Every structure is written in C-alpha cells, then in structure tokens.
Amino acid sequence: MDFYVVCTPGLEPYTAWELKSLGLKVDLLSLPVRSPDVRDGAGEESGGIAFQGTLKDLYRANLHLRTAGRVLVRFGSFKAASFAELRHQAARLPWEQFLTAGRPVALRVACHKSRLYHQAAVAERVIGALGDRLGQPPPVRKAAEEDDGTGPQLIFVRLVENHCRISLDSSGPLLHRRGYRLATAKAPLRETLACGMLLASGWEPVSPLLDPFCGSGTIAIEGALLALNKAPGRNRTFSFMDWPAFSKETWQALLAEAGRGRRAREPLIQASDRDRGAVRAARENAERAGVADRIVFSCRAVSDVEPPPGPGWVVTNPPFGLRVSPRNDLRNLYAVLGKILQTKCPGWQVALLGPDRRLVGQTGLRFAEKAAFRTGGLAVKLWQTRVEGSATSS
Ligand SMILES: C[S@@+](CC[C@H](N)C(=O)[O-])C[C@H]1O[C@@H](n2cnc3c(N)ncnc32)[C@H](O)[C@@H]1O
C-alpha cells in the first residue's frame, strides 16, 4: 500500500530518517514535496514524504513517528475531467475496508488547474460515490482545522490537472497530540517541532541536555521520551482503530514490542524557566508523559542557570518576536544567554530556535543555520554552534 506522512515544512529529512529507522520503504523522490501553487489544505499542502508498506507498517508509523503530523493512506488515483467520471471512479474504490456504515466523514477538497474546480460540488460527488458503494451515504461533518477527538473519518480529495487523488487520514487528532501536554505556558512549541530540533541538533540521547527557557517543558520531555525509547503514540487513539480492517491483536503486539531496547545509560536532562507557572506546567506535563523522574526542573532566570557536568547540548527556544516580549528586552536577554554559555558551557553544543541571525548574534557566538522550519505561520531557523573552550567531563 502507498502512504504519505505529512509534516511541518523543514522536518522532512528527520521524518524520513525516522521512517528509515523503522525499516520502512521510503520514497526519497517524494522529499520534499512543496510547491507554492499547491498550498491547499488538502493533506499534502505542507512538507511530507511517501512510503510503502502494509497496514501493520501504518500502525507502526503512527505509534512511533515523533516528527510527523499525520499519516495518510493514498487510497485512489484516477483521471476525472467530469463529475460523472469522478463519481464513477470514486465508487470503484474499496471504501468498505475503511468505513463502517454510519461513521461520519469530513472532506477536504482542493482543485488546481482542473475542469472540476468547484470544491463543494466535487465533495458532493465523492459523497455520492460513497453512498453508491456502501448502500447509503455517510453523515457529513465539517472538517475542523485541528480535527480534535475521534471524530469523523477525514478524506482528502485533490484534483490537479484533471487527475484526482483520494487519501484517507489514518491518524485522527494530529500526531503532535501525544496526550501529555495539557498544561501550557507562553508560546509552546509543537511536540513534533521540539523533537525535530533535538534530531537536527545532533543530540546524542545519552549526553546531558539543558533547556534554560523550558516553558511548558516540551523539549526536555521529548528528549526524555527519545532517550527512554518510549513510543509517542502509546497513550492515544487513532482514526485507523475505527476501520473495519483494524486488527486489535496486531496493535496490542506492537504496543508490547514498543519500548523494548532501552539505552543502557540515560542522559541528565535539566530544564528551567524564570516563570513559576511555566515550571509547574512543565512538571505536570512530564508527569503525564511518565518522565518526571528523568528531568531536573527548576525555577530560575537564565542568568542563574547551573548546567550539569558536560559536555552536552543546550537545545532551546528562547523568547523571540512579539509573541513573548518586546524586542528591546530581547537583545539584552540574548547577550546574557551568550555570557552564560561562554562561562558555564565551554565545549557544549548549542541549538537555538530563532527568527533571525541578528538576534542570535547578540549572544556574541557565531551560529550557523542548521535547519529552517515554519511554526505558527512564522519562518524560524535552528541556529547551531559549539561553545569554544574545553569542557569539564562528566
Ligand atoms: C518561547 S517560550 C518557550 C516555550 C517552550 N519551548 C514550550 O514548548 O513551552 C520562552 C520561555 O522563556 C522564558 N523566559 C523569558 N525570559 C527568561 C529569562 N530571563 N530566564 C529564564 N526564562 C525566561 C519565558 O517564561 C518562556 O516560558
């Protein structure tokens, strides 16, 4: 079967690496899939990567992928230059393998350079085809942006140059919703991006990790989950669990397998923030994630940070832009961060998420651009450097 993993633009190489680590057959030609005129909200609008496998592989991808947003089944692909052709071809697809009678559906339709361009009319014909196939059309719901809960089966219909591709969502709520982050602080990072930062930084999950601007704790918690080899999807449900083809035994076996092969040495993970409420939220989140005893949290300003014995990695998301504090304070904050890094973290690797070189340059350190992402509609970059000097050994 053909699958497509949707991820935040910029995360594709890390998602591809994860897929390959799971032993899945990745289609490298699909990397990256992005073109400005097909940004369409139809499932493949952002970054992503294709792979092939079985339904069991699809379960594994949902259970284990840390940087992916959702996993789609590429269900049907055919020419459709008229409504009659669209309905006829769509009715030939084996919907009954994925939909039980009465399960609501939600459609996201995108049309580009095609004779069929009216999205609502296209949706109507696909629903008609479903009715033809299943005996009666399913109840239709609106496709919510974030489709929370176990709601409707999400169906993506994409018409490009009179060619129709139909994909089914297998994930349900987006995969960054691991279920642990119920408490948030200011400007929280998506769990998938936090994990992408860790992978991009080259952090070895046995080395010390420090986040001195931890907010709700996302980077530290994702680091601990990675180090402990805990599958991010082990505590949640997925859309594929409602498919007639779903095998509970296979899923239970995968869950039992997940988490085996823990590393012999666990890293020291330290996270702090000057905001007491943020640190409380981070601790609560870590508890829900089952990693509270693996992270040392403290409430302190960056100027008071005491790193664990190194060398290690500082991976962090300091405030930037207007989302957290006005720009004038920021220059000073980055200068303080730079001083702390140079005096207390010689030999450490530092990876900062930030919008521009000027701001990270206030640290006095020479950063190289490691990766570029989009988050919350903002273009951001991961800046990386190694602090000069010899490290104290652990
Ligand atoms: C962008 S947020 C971090 C969000 C975090 N990555 C998350 O996922 O929740 C920046 C954090 O830096 C903290 N902060 C701002 N100034 C600070 C300072 N001088 N020392 C320590 N923390 C500070 C804020 O309280 C805020 O929680």
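**Strands, cores and rings in a predicted model**

H112 in strand β5 has its bridge partner in β7, namely V160. That is one piece of a longer seam in this predicted model: β5 (residues 105-112) and β7 run parallel and are joined by eight bridges. Strand β7 itself covers residues 153-160, and seven of its eight residues are buried. β7 also pairs with strand β8 (residues 163-169), this time in the antiparallel sense, over six bridges. Within that pairing, V157 has I166 of β8 as its bridge partner. The β7-β8 hairpin leaves two residues between the strands, and here E161 takes a positive phi near 50°.

Turning to the packing, the largest nonpolar core counts 58 residues, with V291, I295 and F373 making the most contacts inside it. The biggest giver is helix α6 (residues 218-227), which puts in seven residues. Residues come from both domain 1 (2-169) and domain 2 (191-228 + 263-386), so this core lies between the two domains. A look at I295 gives some local detail: setting aside residues up to four places away in sequence, I295 touches A220, I221 and A224, and also I269, A271 and A286. There is a second core too, separate from that one and made up of 53 residues, with I49, F51, V73 and V126 among them.

V73 also serves as a handy reference point for L55, a residue of helix α2 (residues 55-64). L55 and V73 are 18 residues apart along the chain, and their C-alpha atoms are separated by 9.4 Å. With a relative accessibility of 22%, L55 counts as partly exposed, because buried means under 20%. Once neighbours within four places in sequence are left aside, the contacts of L55 are M1, W243 and A245.

W243 leads on to the aromatic residues. The structure holds 12 aromatic pairs. In one of them, Y59 and W251 have ring centres 6.3 Å apart and planes at 80°, so this pair is edge-to-face. The pair ties together distant parts of the chain, since Y59 belongs to helix α2 and W251 to helix α7 (residues 248-257), 192 residues apart. Both partners, Y59 and W251, are buried. F240 and W243 make another edge-to-face pair, at 6.4 Å centre to centre and with 65° between the planes. F240 is buried, its relative accessible area being 0%, and W243 at 4% counts as buried as well.

These two pairs turn up again in a wider arrangement: ring pairs link Y59, F75, W95, F98, F238, F240, W243, F246 and W251 into a cluster. W243 is thus a meeting point of sorts in this account, being part of the ring cluster and also in contact with the partly exposed L55. Helix α2 likewise comes up twice, holding L55 as well as Y59, the ring partner of W251 in helix α7.

One further ring has a charged neighbour. R125 lies over the face of F83, at 4.1 Å from the ring centre.

Definitions and conventions. Residues numbered from 1 in each chain as written. Predicted model: local features only at pLDDT ≥ 70, side-chain atom pairs only at ≥ 80, totals over all residues. Heavy atoms only, no water. Core = buried A, V, L, I, M, F, W, Y, C linked by side-chain atoms within 4.5 Å. Buried < 20%, exposed > 50% of the residue type's maximum accessible area, 1.4 Å probe, protein only. Helix = DSSP H or I, 4+ residues; strand = E, 2+ residues; numbered from the N terminus. Domains from an automatic or database assignment. Contact = heavy atoms within 4.5 Å. Phe/Tyr/Trp six-rings, centres within 6.5 Å; stacked < 30°, edge-to-face > 60°. Lys NZ or Arg CZ within 6 Å of the ring centre and 35° of its normal. Pairing = 2+ DSSP bridges.
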